[in-house]
Amino acid sequence: MHHPHAPRPRRKRRLLIGSAVAALVLAVAVPVLNRLDVFSDNGEPMSFSPAPGSTASAPDAGRPADPAVRMPAGPQAEFRTANTLADGTRIGVTTLHGKKSGFTGKVWIWAPKEYYEDRYRNSGFPVLIALPGGPGHPMNYWMGTDLGLQSTISDMTAAGRSKPFIVVMPVLNPDQDHYYDGSDIPGQPKMGTWMSDDVPDLVRANFRTFAHRDGWAFMGSSSGGFVGLKQVLQHPDRFKAVIASGPDTRPDSPLWRGHEAAMRANDPEQLAAQLAARPGAPPVHLEFQIGSRESGRANLERFIRKYGNTEGGPVRARLHVIQGGTHNAKSYVQGMREATLEAISKVLRGPTPAAPAPAPVRPAGP
């Protein structure tokens with residue numbers, strides 16, 4: 001299945017042409033995708049729980065010995081199948097009514113095959129919140145299988161280069177008309193709280209996760225990269241790392257007009273400066289990536305020099321240049337395969353398999 005997954009144009013240009021281009025693309029794509037039930041909840045009901053009868057689903061499966069593991073707290077959401085991968089794992093979709101933001105939107109979630117294995121039945125899994133470029137409404141293009149995000153994670157996990165992430169794919173904006181910078185812009189839907197609170201709360205309610213930030217990260221392309229970068233810098237106590245692909249580093253939604261103080265509080269440059277000035281602050285790992293054939297590299301290099309070059313400081317930033325890459329989601333998956341997915345995996349926790357049962361002790365012979 002092919003989705004309109006090219007990230008939006010550079011942020012300043014998009015204010016003039018981005019919405020028009022997105023509207024044209026979606027005008028063509030949405031009717032086709034609607035016929036395929038991409039945007040509906042009419043797929044087969046599904047569960048991320050272990051199959052009935054497995055050891056992991058047994059009533060006496062036990063509790064995790066690791067206090068960092070957080071078992072599903074409920075209430076259980078209703079998921080329907082949106083896509084199925086070649087390995088049989090499924091991407092589910094649910095409608096989330098955000099209790100803290102007040103916003104209602106779709107969230108797609110995929111769990112790797114390791115999540116269903118008995119050896120990990122009492123272990124937490126790391127969470128990767130994946131954000132698209134473009135409007136990010138009414139769908140998140142990472143929920144498609146054509147980009148290979150989930151299969152890339154599976155392949156790299158099998159090769160020992162990635163953690164087996166739960167991938168969470170919420171809608172990015174509440175409509176196709178404006179960009180909300182993943183923030184609580186006064187008088188607008190609280191998309192910052194949706195992203196920082198409601199979406200993680202949904203995951204904690206339904207999945208085995210980690211109780212601390214070592215199990216939580218963002219990734220995103222273009223506008224989604226900006227939002228992931230901002231969330232990690234704004235909440236370093238909740239999220240530890242981000243893969244930010246082709247992002248800008250300043251908020252620029254026209255909806256900020258008249259709310260300059262609130263805009264500064266959601267500016268990654270301001271947030272990075274504040275975090276860098278805090279000795280002993282929890283370190284965040286910013287893995288930037290950009291295609292060699294797109295603009296914006298100089299700005300990211302400046303950002304890293306300014307905020308991420310303090311020896312031992314809390315803002316730890318690097319840039320991976322994707323040779324031949326463009327401002328495109330497929331290029332960014334290529335960069336994840338090359339370097340950045342492995343980089344964040346090194347600083348995040350992964351699941352711990354249960355210890356094998358001890359071998360029976362034979363009684364000594366006569």
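**Exercise 1. Which residue in the hairpin of β3 and β4 takes a positive phi?**

Solution. The model is a predicted one, and the reasoning begins with the two strands that flank the turn. Strand β3 (residues 79–84) and strand β4 (residues 90–97) run antiparallel and are joined by four bridges, one of the pairs being Thr84 with its partner Arg90 in β4. Five residues stand between the strands of this hairpin, and Gly88 is the residue there with a positive phi, near 95 degrees.

**Exercise 2. Place β3 and β4 in the order of the open sheet, and identify the edge strands.**

Solution. On one side, β3 runs antiparallel to strand β1 (residues 45–46), to which two bridges join it, and Pro45 stands opposite Arg80 in β3. On the other side of the hairpin, seven bridges join β4 to strand β5 (residues 104–110), again in antiparallel fashion, with His97 opposite Thr104 in β5. Extending this path gives ten strands in the order β1-β3-β4-β5-β7-β6-β9-β10-β11-β12, which form an open sheet of mixed pairing. The edge strands are β1 and β12 (315–322), since each pairs on one side only.

**Exercise 3. Determine which strands helix α3 lies across, and how it is directed relative to β5.**

Solution. Helix α3 (residues 191–206) lies across β3, β4, β5, β6 (127–131), β7 (166–170) and β9 (216–221), and it runs at about 50 degrees to β5. Helix α8 (residues 329–345) also packs on the sheet, where it touches β6, β9, β10 (241–245), β11 (284–291) and β12, while its direction makes about 145 degrees with that of β12.

**Exercise 4. Is Gln150 buried or exposed, and what does it contact beyond its sequence neighbours?**

Solution. Gln150 belongs to helix α2 (residues 149–158). Its relative accessibility is 1%, and because buried means under 20%, Gln150 counts as buried. With neighbours within four places in sequence left aside, Gln150 is in contact with Leu85, Ile91, Trp110, Trp142, Gly144, Val167 and Met169. For one of these, Val167, the separation from Gln150 is 17 residues in sequence and 7.6 Å in space, C-alpha to C-alpha.

**Exercise 5. Describe how α6 and α7 are arranged relative to each other.**

Solution. The axes of helix α6 (residues 268–276) and helix α7 (residues 297–307) come within 10 Å and cross at roughly 25 degrees. Angles under 35 degrees count as roughly parallel, so α6 and α7 are roughly parallel to each other. The crossing in which α6 passes α7 is right-handed. At the contact, Pro268, Glu269, Ala272, Ala273 and Ala276 of α6 meet Asn299, Arg302, Phe303 and Tyr307 of α7, a set that divides into six nonpolar, one polar and two charged residues.

Note on methods. Residues numbered from 1 in each chain as written. Predicted model: local features only at pLDDT ≥ 70, side-chain atom pairs only at ≥ 80, totals over all residues. Heavy atoms only, no water. Axes fitted to C-alpha atoms, helices over the stretch in contact; angles between N-to-C directions. Parallel < 35°, antiparallel > 145°, perpendicular 65-115°, else oblique. Left-handed = near helix turned anticlockwise from the far one by under 90°. Contact = heavy atoms within 4.5 Å. Nonpolar A, V, L, I, M, F, W, Y, C, P; charged D, E, K, R; others polar. Buried < 20%, exposed > 50% of the residue type's maximum accessible area, 1.4 Å probe, protein only. Pairing = 2+ DSSP bridges.
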